[in-house]
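Okay, thanks everyone, I'll keep this short. Let me put the model up and then walk through one sheet and the helices on it.

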Amino acid sequence: MYIMDIRPNNTIYINNLNEKIKKDELKKSLYAIFSQFGQILDIVALKTLKMRGQAFVIFKEIASATNALRSMQGFPFYDKPMRINYSKTDSDIIAKMKGTFTERPKKPKRVIPAADEEAKKAKKRAKEQAKQQQMGYTPGAAQHAGMANAAVPEQPPNQILFLTNLPDETSEMMLSMLFNQFPGFKEVRLVPNRHDIAFVEFENEVQSGAAKDALQGFKITPSHAMKISFAKK
């Protein structure tokens with residue numbers, strides 16, 4: 001049973017996050033599942049050794065943080081159950097709003113000689129080029145791929161979305177949590193004996209289109225980027 005031993009505040013602290021997820025993707029995914037609880041002012045996720053697998057989500061209202069903590073405690077996020085608590089102290093952005101913010105002493109910045117900096121940049125460029133060649137990348141390939149994808153006819157907009165590339169552990173509850181943050185959400189329909197596809201219905205095509213654009217490519221697990229299209233009528 002979860003015990004709230006820190007006073008409720010605007011910021012929730014999340015740990016036990018999957019450390020393999022890139023910072024930008026992690027922040028985008030956290031925003032997608034937590035924005036249903038209220039306005040988010042900021043999400044802090046650092047990839048330093050000390051802060052790996054952890055993040056802070058800062059809400060405008062304490063009630064939003066409380067609802068998020070209670071609703072998402074233990075939610076399977078990238079194959080790991082989230083552990084959520086209130087932050088021990090106010091985040092800087094909240095402290096500034098309250099007028100209690102105090103500037104922290106800054107650490108002296110280490111000066112890197114220009115020659116060393118250029119050498120590091122050159123090494124990074126060489127590494128990226130070698131990686132591209134290893135993967136068989138050629139300039140313009142992505143553009144051609146995009147043109148090929150554009151040639152595939154998209155179904156006309158309607159109120160039902162068709163989801164593909166879902167992981168085996170996908171459940172109706174997980175998909176409902178993702179999609180019910182959007183206005184007009186009606187229901188999730190799973191397909192018997194198929195774990196990789198599902199349907200999500202909204203009240204109209206405008207509302208389904210908004211959800212489709214927002215969650216296109218959302219990764220429920222690191223290896224499964226959800227593909228969303230309008231269902232065939």
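So, β8 and β9 pair in the antiparallel sense, over 6 bridges. This is a predicted model, by the way, so please keep that in mind throughout. At the turn end, Val 191 has Arg 194 in β9 as its bridge partner. The hairpin has 2 residues between the strands, and Asn 193 takes a positive phi there, near 65°.

Now zoom out a bit. What is the strand order in the open sheet of 4 strands? Reading across, we get β8-β9-β7-β12, and the pairing is antiparallel. β8, residues 185-191, and β12, residues 227-230, stand at the edges with a single partner strand each, so one side of each has no neighbour in the sheet. From one strand to the next, the twist averages 25°.

Over at the β12 edge, the partner is β7, residues 160-164, and those two strands pair antiparallel over 4 bridges. One pair to click on: Thr 164 is bridged to Lys 227 in β12.

Okay, helices. α6, residues 172-179, lies across β7, β8, β9 and β12, and runs at about 150° to β8. Then α7, residues 205-215, lies across β7, β9 and β12, at about 160° to β12.

So how many of the 8 residues of α6 are buried? That would be 6, so α6 is largely enclosed by the rest of the structure. The buried ones are Met 174, Leu 175, Ser 176, Met 177, Leu 178 and Phe 179.

That's my bit; happy to rotate the view if anyone wants another look.

Key: Residues numbered from 1 in each chain as written. Predicted model: local features only at pLDDT ≥ 70, side-chain atom pairs only at ≥ 80, totals over all residues. Heavy atoms only, no water. Pairing = 2+ DSSP bridges. Axes fitted to C-alpha atoms, helices over the stretch in contact; angles between N-to-C directions. Contact = heavy atoms within 4.5 Å. Buried < 20%, exposed > 50% of the residue type's maximum accessible area, 1.4 Å probe, protein only.
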